[in-house]
Amino acid sequence: LIATDKSLQDVNQLAAFFQSLNIPTSEMRQNVGDVVRQLFEKRFDNEGGPSSSWVGLARATQLEREEIGYSPSHPILQRTGEYKFSFIDPGGINNVETLVTRKSGWTLELGSSDFRVKELEGGRFNMAPRPVTLLEDSEEEKIGDTLDRIFMQIADDMELSRG
């Protein structure tokens, strides 16, 4: 094999492509973050995931909710809306969005720092878990599809040939 100017250009272009993926732009972060927040919102709206509904509220909780003026059974985890918005409102109170970068790539951590997260996500001895952040495969695929679109757009912008 003999390196030509064209093959070196191709290798350099490919290296630049991979380097551009190492640290996401603010647009990349927003696109991925928007998809994840939409998935979190669906969790609240559907009271669970696509194939796993949250366990209904205990009778004592239903009575407590009714006593203070809320619907006894639904919506679960949404009395005032603060908890839900801590997951879906970027920049809102208790909303978490943290970018972690390493040589091998990056991770965008999204969620809530609300004091109730640990207990509500994992449950406790007398309360079933109602996870917002534990996504199912079909939901994770939506994140993957978004990343694929982002990467294809970067390749198109760099005019890399596919195939």
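Five aromatic pairs are present in the structure, which is a predicted model. In one of these pairs, the rings of Phe40 and Phe87 meet edge-to-face, with 5.7 Å from centre to centre and 80° between the planes. The pair links distant parts of the chain, since Phe40 belongs to helix α2 (residues 26-46) and Phe87 to helix α4 (residues 82-88), 47 residues apart. Both Phe40 and Phe87 are buried.

The ring of Phe87 also pairs with that of Phe44. The centres of these two rings are 5.7 Å apart and their planes stand at 55°; the pair is therefore tilted, as edge-to-face geometry requires an angle over 60 degrees. This pair, too, links distant parts of the chain, with Phe44 in helix α2 and Phe87 in helix α4, 43 residues apart. Phe44 has a relative accessible area of 1% and is therefore buried, and Phe87 is buried with a relative accessible area of 1%. Phe40, Phe44 and Phe87 join Trp54 and Tyr83 in one aromatic cluster.

Helix α2 comprises 21 residues and extends 30 Å from its first C-alpha to its last, close to the 30 Å expected at 1.5 Å a residue. Its buried residues are Met28, Val32, Gly33, Val35, Val36, Arg37, Leu39, Phe40, Arg43 and Phe44; Phe40 and Phe44 of the aromatic cluster are thus listed together with two arginines, Arg37 and Arg43. The cover over the buried residues of α2 includes helix α4, strands β1 (95-102) and β2 (105-112), and helix α6 (137-157). Just after α2, Glu47 adopts a positive phi of about 50°.

Helix α6, one of the elements covering the buried residues of α2, has 21 residues and spans 30 Å between its first and last C-alpha atoms, close to the 30 Å expected at 1.5 Å a residue. The buried residues of α6 are Glu139, Ile143, Thr146, Ile150, Ile154 and Ala155. After α6 comes Glu159, with a positive phi near 60°.

The largest pocket contains about 570 Å³ of space. Its lining consists of 25 residues, of which Thr61, Leu77, Arg79, Leu120 and Met127 are the closest to the centre of the pocket. Helices α3 (59-67), α4 and α5 (117-122) each contribute at least two residues to this lining, and the greatest contribution, four residues, is that of α3. By residue class, the lining of the largest pocket is made up of 11 nonpolar, six polar and eight charged residues. Helix α4 thus supplies residues to the lining of the pocket and is also among the elements that cover the buried residues of α2.

Asn94 is located in the loop between α4 and β1. With a relative accessible area of 31%, Asn94 is partly exposed, because this value falls between the limits of 20% for buried and 50% for exposed residues. When residues up to four places away in sequence are not counted, Asn94 touches Ser86, Gly111, Ser112, Ser113 and Asp114. The C-alpha atom of Asn94 is separated by 15 Å from that of Glu121, 27 residues apart along the chain.

Technical notes
Residues numbered from 1 in each chain as written. Predicted model: local features only at pLDDT ≥ 70, side-chain atom pairs only at ≥ 80, totals over all residues. Heavy atoms only, no water. Phe/Tyr/Trp six-rings, centres within 6.5 Å; stacked < 30°, edge-to-face > 60°. Buried < 20%, exposed > 50% of the residue type's maximum accessible area, 1.4 Å probe, protein only. 1 Å grid on protein atoms, 1.4 Å probe; cavity = no way out; pocket = protein on both sides within 12 Å on 5 of 7 lines; lining within 4 Å. Points joined across faces, edges and corners; volume = space filled by probe spheres on them. Nonpolar A, V, L, I, M, F, W, Y, C, P; charged D, E, K, R; others polar. Expected span 1.5 Å × (residues − 1). Contact = heavy atoms within 4.5 Å.
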